Amino acid sequence: MTLESIPIWISLVGNFGFPIAITVYLFVRFERKLDDLEKVILELSSVIRNLKK
């Protein structure tokens with residue numbers, strides 16, 4: 001890497017770094033929501049199973 005290529009790297013990080021960080025953040029939040037949804041669905045199936053008895 002030469003001194004002439006440093007502005008190019010800074011530009012690339014500026015253009016792509018922020019969208020990548022936002023995407024990772026949203027995926028992590030979405031994964032937590034899916035885990036919560038899975039727990040609720042399992043709990044609901046247990047309640048329905050108990051109602052049938």
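These are my notes on the fold, surface and charges of this predicted model.

**Ground rules.** I number residues from 1 along each chain as its sequence is written. Since I'm on a prediction, local features need pLDDT of at least 70 and side-chain atom pairs count only at pLDDT 80 or more, while totals for chains, interfaces and linings use all residues; side-chain values use heavy atoms, with hydrogens and water left out.

**Fold.** I looked up the secondary structure and got one helix and zero strands. Both are DSSP runs numbered from the N terminus: H or I of at least four residues for a helix, E of at least two for a strand. Helix α1 covers residues 6–52.

**Overall shape.** How does the radius of gyration sit against a compact globule of 53 residues? I get 23 Å for the protein, where the globule would be near 10 Å. That radius is over C-alpha atoms, and the globule rule is 2.2 Å times the number of residues to the power 0.38. The C-alpha box along the principal axes is roughly 75 × 15 × 10 Å.

**Two distances.** I checked Asn50 against Leu3: 47 residues apart in sequence, 70 Å apart C-alpha to C-alpha. Ile22 and Lys39 are 17 residues apart along the chain, and their C-alpha atoms are separated by 26 Å.

**Burial.** Just 2% of the 53 residues count as buried. My cut-offs on relative accessible area are under 20% for buried, over 50% for exposed and partly exposed in between (1.4 Å probe, protein chains only). I then went through some residues of helix α1. Ile20 is in the helix and is exposed, at 53%. Ile22 is in there too, but is partly exposed, at 37%. Asn50 is another helix residue, partly exposed at 48%.

**Surface.** The protein exposes about 5300 Å², and carbon and sulfur atoms supply 71% of that. Areas are Shrake-Rupley with a 1.4 Å probe, and for residues only the protein chains shown count as cover.

**Patches.** Patch members need over 30% relative accessible area and no salt bridge; like charges are joined within 9 Å, nonpolar side chains (Val, Leu, Ile, Met, Phe, Trp, Tyr) within 5 Å. A salt bridge here is a side-chain nitrogen of Lys or Arg within 4 Å of a carboxyl oxygen of Asp or Glu. Which residues make the nonpolar patch? I find Ile8, Trp9, Leu12, Phe16, Ile20, Val24 and Val28, making about 680 Å². The negative patch is Glu31, Asp35, Asp36 and Glu38. Glu38 is in helix α1 and partly exposed, at 48%.

**Charges.** I have 7 positive and 6 negative charges, with mean positions 14 Å apart. Lys and Arg are positive, Asp and Glu negative, and His and the chain ends are not counted. Each charge is placed at NZ of Lys, CZ of Arg, CG of Asp or CD of Glu.
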